[in-house]
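Trainee: I'd like to practise reading a structure residue by residue. Could you walk me through a few features?

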Amino acid sequence: MGWDFGGLLGEWRFERKISGQGVMSGAASFAEMGDGIALYSERGELRLTNGTVLRAGQRYLYERVEDGFAVLFCETGREFQRVRPEIGEGVDWVGFGEHLCGADLYVTEYRFGDGSFVVQHTVRGPRKDY
C-alpha cells in the first residue's frame, strides 16, 4: 500500500478531550516538507477542569515509510510511533501505534475518512492514566 498524505495536507480545526483534565480546541495544519515528510502543527486553547486557560501547541513530523507512516517528534526526529494503515470499516483508513515513554505506554488509534481524521491516545502507567 502506498500511503499518501494528500488527503491530510492543508488547514484543519481540532477538538481534543483530555479525560479528567480538560479540553483543547484550535487550528492545525499538515504541510508537505518534501522527501515524504509532512509537518503537523497545532495551536490552540487548553481549558483545564480547574478553570485555568492556557495557550498550547504541538508539532510532529509524519514520514512515509514502506508499510505506512512514522510519527516523529519534531524537535529531535526520534520516532514516536510507526503506523500501518489498513482499510477500515466505515472509514477510509485505520491504523494503530504504540510508544513506551518511561513506564507509561501510549496506544494510539489513527482513523482517516469522510474529510476528517481522529487520533485517539490511551495512556496507561505510573505517571499517566488517561
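Trainee: Let me start with L100: is L100 buried or exposed?

Mentor: Keep in mind that this is a predicted model. To place a residue, look at its relative accessible area: over 50% is called exposed. L100 has 57%, so L100 is exposed. You will find L100 in strand β8, which covers residues 91-101.

Trainee: Which residues make a nonpolar surface patch with L100?

Mentor: L105 and V107 join L100 there, and the patch they make has an area of about 230 Å².

Trainee: Now to strand β3. Is E42 buried or exposed?

Mentor: The idea is to check the value against the cut-off: under 20% relative accessible area means buried. With 4%, E42 is buried. E42 belongs to strand β3, residues 37-48.

Trainee: Which residues does E42 touch, and which side chain does E42 meet in a polar contact?

Mentor: Leaving aside residues up to four places away in sequence, E42 touches F14, R16, M24, A27, A28, A56, G57 and Q58. The polar contact links the side chains of E42 and Y40 at 2.5 Å.

Trainee: What about E45, how should I class its accessibility?

Mentor: Values between the two cut-offs are called partly exposed. E45 has 26% relative accessibility, so E45 counts as partly exposed. E45 also lies in strand β3, and its side chain makes a polar contact of 3.0 Å with the side chain of R47.

Trainee: Which residues does E45 touch, beyond those up to four places away in sequence?

Mentor: The contacts of E45 are V23, M24, S25, V53, L54 and R55. For a distance across the chain, take E45 and V118: they are 73 residues apart in sequence, and their C-alpha atoms are 18 Å apart.

Trainee: Last topic, the cysteines. How many disulfides does the structure hold?

Mentor: Zero.

Trainee: Why is there no bond between C74 and C101?

Mentor: A disulfide needs two cysteine sulfur atoms within 2.5 Å. The closest cysteine sulfur to that of C74 is in C101, and the 17 Å between them is too far for a bond. Seen from the other side, C101 is in no disulfide, and its nearest cysteine sulfur is that of C74.

Trainee: And what is the accessibility of these two cysteines?

Mentor: C74 is at 18%, so C74 counts as buried, whereas C101 has a relative accessible area of 33% and is partly exposed.

Methods:
Residues are numbered from 1 along each chain as its sequence is written. This is a predicted model: local features need pLDDT of at least 70, side-chain atom pairs count only at pLDDT 80 or more; totals for chains, interfaces and linings use all residues. Side-chain values use heavy atoms; hydrogens and water are left out. Patches are made of residues with over 30% relative accessible area and no salt bridge: like charges are joined within 9 Å, nonpolar side chains (Val, Leu, Ile, Met, Phe, Trp, Tyr) within 5 Å. Accessible areas come from the Shrake-Rupley method with a 1.4 Å probe; for residues, only the protein chains shown count as cover. A salt bridge is a side-chain nitrogen of Lys or Arg within 4 Å of a carboxyl oxygen of Asp or Glu. Helices (H or I, at least four residues) and strands (E, at least two) are DSSP runs, numbered from the N terminus. Buried means under 20% relative accessible area, exposed over 50%, partly exposed in between (1.4 Å probe, protein chains only). A polar contact is a pair of N or O atoms within 3.5 Å; within protein, one must be able to donate a hydrogen and the other to accept it, and residues adjacent in sequence count only if both atoms are side-chain atoms. Contact means heavy atoms within 4.5 Å.
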